[in-house]
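Colleague: Could you take a close look at one part of this model, namely its aromatic ring pairs? I should like a connected account of the geometry and the burial of the rings.

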Amino acid sequence: MSEMNATTQQENVLKRKTDDVGWEYGSLIDPSNLDKVKCMFCNHVSTGGIYRLKQHVAHVSNDVAKCKKSSQEAKDRCKKSLEEASKKRREKTIRELELRDSVNISRVGDEEVNVAGRSEPHKLGPLDKWTRPIDPKLTQAEALHQQKINKELWKKRTHEVQQYVARWMYNHAIPFNACDNDDFKLMCEAIGRFGPGFEPPSKHDLRETLLSQEHARVKSLLQERDAEKMKNGCSIMTDAWSDRKRRSIMNLCTNCADGSSFIKSKEMSAVSHTSEVIFQLVDEGIEEIGPEHVVQVVTDNASNNMGAKKILLEKRPNMFWSSCATHTINLMLQGIGNLPRFTKVLDKAKAFTIFVYGHTRTLDCMRHFSSGKEIIRPGVTRFASAYLTLESLLDKKDQLRKMVVDGRWDSLREVKSKNGKAATATIMSMPFWKDVKLCLNVFEPLVKVLRLVDGDVKPSMGFVYGEIVKAKKEIKEVYGNVASRYKDVIDVVEKKMKDRLDSPLHLAAYLLNPYYSYADTNIFDDGTITEGFISCVETFYHGDDSKQDQAVNVELRKFQNREGSFAKKLTRTCQNFEYNAASWWKLYGNEVPTLQRMAMRILSLTSGASACERNWSTFENIHTKKRNRLTTERLNDLSFIQFNSRMMAKKQMIKEKKIADVLFSTETTEAQGFLFEGGDECAVVIYRDEDEEEIDNTVPMEVDEQLEPRRSARLRQLYEAEEFDSEEKEFDDEEEKHPDDEDDY
């Protein structure tokens, strides 16, 4: 039996856990060498990694030995994977060329040199006088020789320029990821096109002329969103934040169907965040945007925000004030995680990670067996870190179980301690793994909702209530629909949801979203939902009895009975979860104009204020100790530029479907509990409940540096190297090591 387990564990190590289809038809010869992969059909060993193996299986290259035993299905799947990788590389090349060509620099003089692959000439420096174009009359050997000389010179020059860039970054502590964006590439391209003699901007230029010009440029890029706000309305989002130095910040942002935008950020360390202060800030924002364009205000559930809600609704009775869905769902997850059965599992997982990361040799041993992958996965909140880390532990279960029975682990002095024995016992305990799986199964339905409301991928107001109803059903199924087993979990969900995510606005959005109401017609007969819908209509069309009567007593019936345009076959697009609800109403709701206007505006709304909450990091990056003399106007301009640029880049990534998991974080602040005892106290993101006391933020700016969260020196930046190489990276590595003129035999 032990031999079978050892064999299984060995296979698990050699089979990389990645979505690449190639690993279904091959395995590593040696876990430490990712280049040598053995074919499962003919046992042929490819020395160019998984990319070469797929070529071997698919019979697509003359330079690679063809597998004589691969099935037609395997050939087709590998060929499709290779074609997709090739398409990605082409798209990347086109994208880089477009990026370079978007740089517009006025040209002076005649010295221009054409660069291969470029649509226009490129001005270079004086070293180009030592190069010459390849003469078409040269023989093939002479042309190849000249090409190699030019290539080597280009490589040398590139390296020399990169050294200057690196020196500037090292000497001024510029983060490495600062160069991983389009802005950096555009800057380099612009300087390169200018050529020698470029005069860098002065400090005065950067903080005056150029700053105001960039502010105006970013503002012009947001004009498209302004048009969307006028068409379908928008949400105002506000959030109060105290950073680790206890500086109090209030952010004001807006969100429409096209994404989130920053309005202004205000430091208010000397002012208590009373309901009146919050109302004043929000009301100013509404006036700035235009009251006719604002549909709702979204904040967290703190008591001072609820007080501001009452003041606003007295002045503007036709607006909604909603609780942040992201905040509320995190409270649900936090409450469930505090139940004894889940706390026990989390405590055991933390004890194990604290032990492993607390000793250099145990950490080195763990990384050896996990092929260099980390257990701890930092999240944007303390709960997100717990969920992602439990998920990571379960994913590496086989490697960890193999580790604790291996002689290398057993020989470590630390393992023989009380904590070491407990860590070993935890990993070998089957009940522990069973409980980890149960935790993840219970958390997962709500995590799906959290990703929906926090992702900013699409307006979530029309989906949040329906997805929570679905999540409660899935949680009950995890416990076999036995009420005594799921009662305490569901009680937490319903308690946090009450009066927050079941407001008239949420219920009306649920009813007006045909994804739910056409799939389950009983929704129209649910008294709670219809009552909420009527209340929502009364607010939306406040003071207009005629439109209220038209929407509730005439047009709702047409929508419910699928009369007129709602009877068309094409309306079935609403059965797809990815559909755009507001666009659907625009197409098919013309016969019910009163209800259509309300539906389009409500279904274009966000349900969370997380975009506004995340702006605290932008403020913190800008308002550092070294820059604490920035004027308020300059500070707002910098925040406006940085936040909105990030939001527009995020929206572009969403369009290209390259958006990362919203739960992940590159910071370890919220994962401290998995690194050392009491680390949870260092969490920056603290979720307040409505019944908690109002927080007085009048704290002096200069506070003891011990408030800074501790960071483990042993936890490397998890995103400097991805767990699995991308298809592009594998191809690039393969090309460097295996030129096309080399055979793979």
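Modeller: The account below treats the aromatic pairs, beginning with two that involve neighbouring elements and ending with a cluster.

The model is a predicted one. The count of aromatic pairs comes to 29. In one of these, the ring centres of Phe 559 and Trp 585 are 4.8 Å apart; the planes meet at 45°, which lies between the limits of 30 and 60 degrees, so the pair is classed as tilted. Phe 559 belongs to helix α24 (residues 545–561) and Trp 585 to helix α25 (residues 581–588), so this contact ties together parts that are 26 residues apart in sequence. Phe 559 is buried, its relative accessible area being 0%, and Trp 585 is likewise buried at 0%.

A further pair is formed by Phe 566 and Trp 584, whose ring centres lie 5.8 Å apart with planes at 20°, so this pair is stacked. Here Phe 566 comes from the loop between α24 and α25, while Trp 584 sits in helix α25, 18 residues away, and the pair thus links distant parts of the chain. Phe 566 counts as buried at 3% relative accessibility, and Trp 584 is buried at 2%.

Elsewhere, ring pairs join Phe 463, Tyr 465, Tyr 510, Tyr 515, Tyr 516, Phe 577 and Tyr 579 into a cluster. A charge accompanies two of these rings: the charged end of Lys 458 sits over the ring of Phe 463, 3.8 Å from its centre, and the charged end of Lys 458 also sits over the ring of Phe 577, again 3.8 Å from the ring centre.

Methods: Residues are numbered from 1 along each chain as its sequence is written. This is a predicted model: local features need pLDDT of at least 70, side-chain atom pairs count only at pLDDT 80 or more; totals for chains, interfaces and linings use all residues. Side-chain values use heavy atoms; hydrogens and water are left out. Rings of Phe, Tyr and Trp (its six-membered ring) pair if their centres lie within 6.5 Å; planes under 30 degrees apart count as stacked, over 60 as edge-to-face and the rest as tilted. Helices (H or I, at least four residues) and strands (E, at least two) are DSSP runs, numbered from the N terminus. Buried means under 20% relative accessible area, exposed over 50%, partly exposed in between (1.4 Å probe, protein chains only). A charge sits over a ring if NZ of Lys or CZ of Arg is within 6 Å of the ring centre and within 35 degrees of the ring normal.
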